[in-house]
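The exercises below ask the reader to work through a sheet, the helices packed on it, and a pocket. Each task is followed by a solution that goes step by step.

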Amino acid sequence: MRIAVTGTSGQVVTSLLERGPLAGHEVIAIGRPALDLADPASILPALEAARPDAIVSAAAWTAVDKAESEAEAAHATNATGAGAVAETAARLGVPLVHISTDYVFDGSLDRPWREDDPTGPTGVYGATKLAGEQAVMAAHPNSAILRTAWVYSPFGANFVRTMLRLAETRDELGVVGDQVGNPTSALDIADGVLRVAANLAAGDDPAQRGVFHMTAAGEASWAEFAQAIFAASVTHGGPSARVNAITTADYPTPATRPANSRLDCRRIETAHGVVLPRWQDALPPVVARLLAANN
């Protein structure tokens, strides 16, 4: 199957380029200048030229804090651009998989979030991603929106890479301990995306469309995640630091982070047969790759 992905960089895009051929798919990444989400007129000709069997809408404005001061640009990419990609997929008659986020929720529940729970983003990033979800569903019925969270990988900027870098020069780190979520490898996200895209292309089951949550199994706080990163690093002779759990109030940011980002993933297991590995199992190979790349 020929799959066109919006964007040419980023953790999910790069993971799709690596994992697609392993699953027997041809993955084509299309980004600027040919395809610019901030320029909707560029989207149709770029994707039409790729002749895809399915489209993955992975490009997004992901600078969460910067979005607070650049709301118009974030909306142009995450909402207007996402809707234009969905309109293009509908016009080409191919299924669409759209990547979204836990930030559409306010983080107030004391259990994992389900797809039918009320949304309530607390910042610009979450609000624009929610608007993008709504635009996708309005434009193209043969779509699956996959919400994920706490993404890390061997590629690009992410929490795992940051922790390893900081541990090279620091013996002790303060890491937020009162936010919980599901650390999720972008490599596993890519595998799930490919499975969903193939299912949509092969069938016409209404249960396989709509909104789904897709994260790794297991949960952790950022502090617990950091401790696991260093435990994996030490086994490969990499850097480590003592982790001190701090509160969200101790680490203020322009955008409010959800205290509870845990997502209930039972719906995607039922509809698509997708179950991502435990984050504790997915993390060590990523740490090993990052350390090897630095040597």
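Two strands are taken to pair if DSSP finds at least two bridges between them. The model examined here is predicted.

**Exercise 1.** Determine the strand order of the open sheet of 6 strands, and state which strands form its edges.

*Solution.* Following the pairing from one strand to the next gives the order E2-E1-E3-E4-E5-E10, and the pairing is parallel. The edge strands are E2 (26-30) and E10 (210-213), each of which pairs on one side only. From one strand to the next, the twist averages 25 degrees.

**Exercise 2.** Find how many bridges join E1 to E3.

*Solution.* Strand E1 (residues 2-6) and strand E3 (residues 54-57) run parallel and are joined by 3 bridges, which satisfies the pairing criterion because at least two bridges are required. Within this pair of strands, Ala 4 stands opposite Ile 55 in E3.

**Exercise 3.** Describe how helices H1 and H5 are placed on the sheet.

*Solution.* Helix H1 (residues 11-22) lies across E1, E2 and E3, and runs at about 155 degrees to E2. Helix H5 (residues 124-139), which also packs on the sheet, touches E4 (96-101), E5 (143-148) and E10, and its direction makes about 160 degrees with that of E4.

**Exercise 4.** Characterise the second largest pocket by its volume and its lining.

*Solution.* The volume of this pocket is about 210 Å³. Of its 19 lining residues, the closest to the centre are Thr 215, Ala 216, Ala 217, Leu 263 and Cys 265. By class, the lining comprises 10 nonpolar, 4 polar and 5 charged residues, and helix H9 (residues 266-272) gives the most to it, with 3 residues.

Conventions:
Residues are numbered from 1 along each chain as its sequence is written. This is a predicted model: local features need pLDDT of at least 70, side-chain atom pairs count only at pLDDT 80 or more; totals for chains, interfaces and linings use all residues. Side-chain values use heavy atoms; hydrogens and water are left out. Helices (H or I, at least four residues) and strands (E, at least two) are DSSP runs, numbered from the N terminus. Axes are lines fitted to C-alpha atoms, for helices over the stretch in contact, and angles run from 0 to 180 degrees between N-to-C directions. Contact means heavy atoms within 4.5 Å. On a 1 Å grid over the protein atoms alone, a cavity is a set of points where a 1.4 Å probe fits but cannot get out, and a pocket is an open set with protein on both sides within 12 Å along at least five of seven lines; lining residues have an atom within 4 Å of a point. Grid points are joined across faces, edges and corners, and a volume is the space filled by probe spheres set on the points. Ala, Val, Leu, Ile, Met, Phe, Trp, Tyr, Cys and Pro count as nonpolar, Asp, Glu, Lys and Arg as charged, and the others, Gly among them, as polar.
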